[in-house]
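User: Please take a close look at the disulfides in this model. I would like to know where the bonded cysteines sit, and then have some other local details of the backbone and the interior set beside them.

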Amino acid sequence: MRRFVRPLVLTALATCCGAAFAAGTDAAAPLGHLPTWAQPENYKLAFKVDPKQENYSGSTTIKIKLSQASDFIWLHGKDLKVSKVTVTDAAGKKHVGKYTVAAEKEGVARIDLGAKLEPQEITLAIEFTAPLNKQLQGLYKVSHEGVPYAMTQMEPVSARYAFPGFDEPSFKVPFDLSLTIPADDQGVANTAQVKEEKAGAGWKTLTFSTTKPLPTYLVAFAVGPWDVVKGPDISPTEFRTTATPLRGIAAKGEGHRMQHVLGETNSIIHTLEDYYGFGYPYDKLDLLAAPDFSAGAMENAGLVTFRDWLLLIDPDSAAQYVRGSFNVNAHELAHQWTGDTVTMAWWDDLWLNEAFATWMQQKVTTKVHPEYRADLDRVRGAQGAMNNDSLVSARKIRQPITGNGDIETAFDGITYQKGAAVLGMFEGYVTDPVFQKGMRAYIQKHKFANATADDLIDSIAEAAGQGDAFKSAFRSFLNQSGVPYVTTEVKVEGGKTVLHLTQSRYLPLGSTGDASRVWGVPMCVRYGTAGGANKVKCELFDQATGTMVLDDAAKGTWVLPNANGRGYYRFAQNKTDLAALSKVVGTLSDAEQLAYVDAVRAAFLHGDLDAGNVLAALKPITASKTREVFTAPIVTFNWILHNEATTDAQRDHLRKWAVDAYLPKLKELGYRKKAGEADNDTITRTTLAGFLGDDDIAAPEVRAELLKQGDAALKVKDGHLDLDAADPDLLGDALGVAVQERGAPAIDALIAEIPKTSDPAKRNAMLSALASTKDVTQSNKVRDFSLGKDVKVGEMASLMRGNRDSEASRNELWKWYTTNYDKIVARTGSFAGGRLVTMAAGGSCSKAEADRMSEYFKPKLAQVSGAERDLAQTSESTLLCAALKAKQDPKAITR
């Protein structure tokens, strides 16, 4: 699953949590693991769904193996109204059962069996009704152009909203599904439809083939007047002997926009099959564009669901959407192997799903679209995860699960990007072909079953001929939080060049954490050799201190302590070594230049460099010809601009630095997409125009051009705003400048247009523009708009995150948020609990802000799952920002 918090992307674990919860007893409902003495063996699910109605009905029939005598069992169900429970024992005798809600918040229910039954196989049949969910969980209702649809999102713990069952990943069994739906509607599910029958006046029943073994969170179906578009069959390979049907599913009238993504899908599936040596295992593949969705996409076996803007691609679609469409599709399809075919045994190993899909997507993208530079996405993703992983409150990749909140907040950069980076690091250490051999063995051994981290590590170690030291090193990154901080120093000893190494935990200035921590770091360094050449040396560094002999090193050699940028660690050097590296940084690979940028940022956040040092160290990077590299300094630059600069002279100095670095690149590209233009040029234009044109930098030439396009887009044509008047890739930025310059009239025009616009890319552009206003009154108007029916639940966060760059603006946001808190929670539901504090106070930078968020949210933590971790991390980030701000001398900006 991909989480998105912007049309960006919105969003990680110590030993297996098997002992974290006790199995249920007569007195206490199990709030974590269900007891394993009642094991489901298969399900028959039948639903009667009309999206135009508010409720639906269903029946769940589960074959269950009892391994101990009992007169009850525990399972999951939430917001269900159960009308009948029938228990059939192994002898065929029927018993009247009883369904009782045992833990309402967690969705745990008790089924009394009507008699004490000895160990045997029983059949449990439950009839129920339930509301179509309004918060994008379970079986939920959405609309497109006023027409209702019903669809599912079960992950992580929302299947219990849709039907009663054993809602845990280890209960992985086959499902038989039937849907009774209005005769004019379409129904799709995980597997191919095998039968259609009339079911009374105006109804029909669709029956689908039996699934492969699945956990409940991968069960999926959708009902409504969908366009169903046939794509090119996925052609056979040596790993799959027959063609697999491929279809696109979209809201009525949108199906024609699915052709691009359908055309890309064959190459993705074939690449995955070639890597794993295992054919796509399901009987068909549908890609569904959801009108509203809580995540970015979801890997349901055979029926993958996406936010609509990721699939509805036109010839003039913005390059970022085209690229994002491919990358997210590759991520979700990678899950068909890691996640669906092989499923984690419990949520502490979510990384086995998400880290692997992230890592594999980058491999697929690199092969099919090398111009997308997924190799650099991997490095940048890892560095982004390091920012969160530097917090004392950071999660482990394998975090013990203490409740549903821990499950819901596990979908973050630690699980995805850190997990992928750790995989890539150890892959590099054992070599890519060896790692692939281990992965193929892992898939074959655990196909259609569950696996744990130890299963994966054992498979890789066996393929690589590695022993306990390797396994311990791998686990050191899974079972403890934090980023290794490797300090290096070059010395000449006994005629040899020796790199002295010290490792600790990286902690930013102001952190209260303990830096004494050791990992097994597969450390690779690049260094200069005689004659101007260089070489790489790798060793496993698993002690607090150590040395590495640099064979054939040149006199006074430079050293890059993270060769290829592949390691998940940060490094620090003394001034002499850093100066030597800085002289050759332009000759390093793009990934290694990103590692250098991260080292500079890490030193700044550590309090070792001031703003002047940082600006000087990063300026050479802006000369790179690679967008991902030359824009890397912007994050640190923005922090200095927003949090450190206090005078007009300092802000002018920073603006000049930015304009000198980036305006020539933008002018070379111009302000309109050219025919046949490389998509990287298009994205570069979008990135630089947005940065230079916003009122923080406000480069006059850039701002004038964006305002010109924004004004043109705000003109009315045939009853609608003329949004096509702006460059499609610059539409959001152009409208944003128009909002900042024109104020209320522009905002009112966009608010009026959004309900009339179903195109997701144009909606995203207008939402982004509304969030860009810096006027307090208008910001509150926009936030009020986010609470209404004209904004989809999945779009709310994009409006709430605006206008928070100063403490004064954050104070106004806080007033609005706390006034409307109940409305926000009521609309977003518990699924957003892990982001509630971030929405209210993300970007804060003072102790007073940290204190007020703690005072406000602590009494509410028990009400919303996931908020506890969000509060801890947002509060800690705020205090770290305040500490760095206090340490830095603004005068250094102009030195």
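Analyst: What follows deals with the disulfides and then with a few other local features.

The model is a predicted one. Two disulfides are counted in it. With bonded cysteines numbered along the chain, their pattern is 1-2, 3-4.

One disulfide joins Cys 524 to Cys 538, with an S to S distance of 2.0 Å. Cys 524 belongs to strand β25 (residues 521-528) and Cys 538 to strand β26 (residues 534-541), so the bond ties together parts that are 14 residues apart in sequence. The link is right-handed, with 115° about the S-S bond. Cys 524 counts as buried because its relative accessibility is 15%, and buried means under 20%. Cys 538, with a relative accessible area of 36%, is partly exposed.

The other disulfide is formed by Cys 845 and Cys 881, whose sulfur atoms are 2.0 Å apart. This pair links distant parts of the chain, 36 residues apart: Cys 845 is in the loop between α26 (836-841) and α27 (847-857), and Cys 881 is in helix α28 (residues 867-887). The torsion about the S-S bond of Cys 845 and Cys 881 is about -90°, so this disulfide is left-handed. Cys 845 is buried, at 4% relative accessible area, and Cys 881 also counts as buried, at 13%.

Next come some details of the backbone. Most residues other than glycine have a negative phi, and most peptide bonds are trans. Against that background, the peptide bond between Glu 155 and Pro 156 is cis, with omega about 0°. Pro 156 is placed in the loop between β10 (147-153) and α1 (159-162). Val 157 lies in the loop between β10 and α1 as well, and it counts as buried, at 6% relative accessibility. Beyond its neighbours within four places in sequence, Val 157 is in contact with Asp 167, Trp 347, Asn 404, Ile 407 and Glu 408. The C-alpha atoms of Val 157 and Gln 137 are 8.9 Å apart, and 20 residues separate the two along the chain.

Phe 448 is not a glycine but has a positive phi of about 60°. Phe 448 is in the loop between α8 (432-446) and β22 (449-451) and is partly exposed, at 23% relative accessibility. Asp 718, also not a glycine, has a positive phi of about 55°. Its place is the loop between β30 (716-717) and β31 (720-721), where Asp 718 counts as exposed, at 73% relative accessibility.

A positive phi near 95° is found at Gly 200, in the hairpin of β13 and β14, which has four residues between the strands. Strands β13 (residues 193-198) and β14 (residues 203-208) run antiparallel and are joined by five bridges. Lys 198 has Lys 204 of β14 as its bridge partner.

Last is a part of the interior. The second largest cavity holds about 120 Å³ of space. It is lined by 16 residues, and those closest to its centre are Gln 383, Met 386, Asn 562, Gly 565 and Gly 567. At least two lining residues come from each of α5 (374-389), β29 (570-573) and α12 (590-605), and α5 gives the most, with five. By class, the lining has eight nonpolar, four polar and four charged residues.

Definitions and conventions
Residues are numbered from 1 along each chain as its sequence is written. This is a predicted model: local features need pLDDT of at least 70, side-chain atom pairs count only at pLDDT 80 or more; totals for chains, interfaces and linings use all residues. Side-chain values use heavy atoms; hydrogens and water are left out. Buried means under 20% relative accessible area, exposed over 50%, partly exposed in between (1.4 Å probe, protein chains only). On a 1 Å grid over the protein atoms alone, a cavity is a set of points where a 1.4 Å probe fits but cannot get out, and a pocket is an open set with protein on both sides within 12 Å along at least five of seven lines; lining residues have an atom within 4 Å of a point. Grid points are joined across faces, edges and corners, and a volume is the space filled by probe spheres set on the points. Ala, Val, Leu, Ile, Met, Phe, Trp, Tyr, Cys and Pro count as nonpolar, Asp, Glu, Lys and Arg as charged, and the others, Gly among them, as polar. Contact means heavy atoms within 4.5 Å. Two strands pair if DSSP finds at least two bridges between them. A disulfide is a pair of cysteine sulfur atoms within 2.5 Å.
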